[in-house]
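Me: I'd like to learn how to read the features of a protein model. Could you walk me through this one?

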Amino acid sequence: MFIIIVIPTSNIPRQETLTYFYKHAIPVGALVQIPYNTKTLKALVISSTPISKVKGDVKKEAFQLKKITDILTTQKISEKRLSEILHWSTDSFLRTSTVL
């Protein structure tokens, strides 16, 4: 079992990384399908860690992890495309966040 951290490729209200689980390791840069509220979204994998390494941290969380629905591609995206996605994600987050 692996803990998978992803970044959604579509704009969601609070742009952030999300945590899921999957039975196998998924390569960083892979594209996956995830449940998000009542929707199904595409997301980019940024981390894949064996649950044995983070089991204590997982038990402390106040939420229940959901399973990744599907692996769309295990082919890594190019560094240039990854950079574009991360810049877009950051810009999107900055535009939608508010200062109190």
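Reply: Happy to! Let's begin with pairing: two strands pair if DSSP finds at least two bridges between them. Helices (H or I, at least four residues) and strands (E, at least two) are themselves DSSP runs, numbered from the N terminus. In the hairpin of S3 and S4, two residues sit between the strands, and asparagine 37 takes a positive phi near 55°. Before we go on, two notes on the source. This is a predicted model, in which local features need pLDDT of at least 70 and side-chain atom pairs count only at pLDDT 80 or more, while totals for chains, interfaces and linings use all residues. Residues are numbered from 1 along each chain as its sequence is written, and side-chain values use heavy atoms, with hydrogens and water left out.

Me: What does the confidence look like along the chain?

Reply: The general idea is that pLDDT is the predictor's confidence in each residue, from 0 to 100. Here the chain averages 79, and 66% of the residues score at least 70. Among the elements, helix H2 (residues 79-96) has the lowest mean, 64, and S3 has the highest, 93.

Me: How many helices and strands does the chain have, and in what order do they run?

Reply: The chain has two helices and six strands. Reading from the N terminus, the order is β-β-β-β-α-β-β-α.

Me: How do I read the sheet, and which strands stand at its edges?

Reply: List the strands as they lie side by side, then check the sense of each pairing. This sheet is open, with six strands in the order S5-S2-S1-S4-S3-S6 and mixed pairing. S5 (66-67) and S6 (70-73) stand at the edges with a single partner strand each, so one side of each is left without a neighbour in the sheet.

Me: Which residues stand opposite each other in S1 and its partners?

Reply: Take the two partners in turn. S1 (residues 2-8) pairs with S2 (residues 18-22) in the antiparallel sense over five bridges, and isoleucine 5 stands opposite threonine 19 there. S1 also pairs antiparallel with S4 (residues 39-50), over seven bridges; in that pairing, isoleucine 4 has serine 48 as its bridge partner.

Me: And what about the remaining pairings?

Reply: S3 and S4 are antiparallel over six bridges, with leucine 31 opposite leucine 44. S3 is also joined to S6 by three antiparallel bridges, where glutamine 33 has aspartate 70 as its partner. By contrast, S2 and S5 run parallel, joined by two bridges; phenylalanine 21 is bridged to lysine 67.

Me: How much of the chain is buried?

Reply: Burial is read from relative accessible area: buried means under 20%, exposed over 50%, and partly exposed in between (1.4 Å probe, protein chains only). Buried residues make up 27% of the 100 residues in this chain. S1 is mostly covered, with six of its seven residues buried.

Me: Which residues have the most contacts inside the largest nonpolar core?

Reply: In soluble globular proteins, nonpolar side chains tend to be buried together. A nonpolar core is a set of buried Ala, Val, Leu, Ile, Met, Phe, Trp, Tyr and Cys residues joined through side-chain atoms within 4.5 Å. The largest one here has 16 residues, and those with the most contacts inside it are Ile4, Val6, Ile26, Val32, Ile34 and Ile68. S1, S2, S3 (31-36) and S4 each give two or more residues to this core.

Me: Could we compare a few single residues?

Reply: Sure. Contact means heavy atoms within 4.5 Å. Leaving aside neighbours within four places in sequence, valine 6 touches residues including Glu16, Tyr20, Val32, Ile34 and Leu44. Leucine 44, in S4, counts as buried because its relative accessibility is 2%. Its C-alpha is 6.4 Å from that of valine 32, 12 residues apart in sequence.

Me: Is isoleucine 71 buried or partly exposed, and what about glutamate 16?

Reply: Isoleucine 71, in S6, counts as partly exposed because its relative accessibility is 26%. Leaving aside neighbours within four places in sequence, isoleucine 71 is in contact with Tyr22, Ile26, Leu31 and Val32. Glutamate 16 lies in the loop between S1 and S2 and, at 31% relative accessibility, counts as partly exposed. With the same neighbours left aside, glutamate 16 is in contact with Val6 and Pro8.
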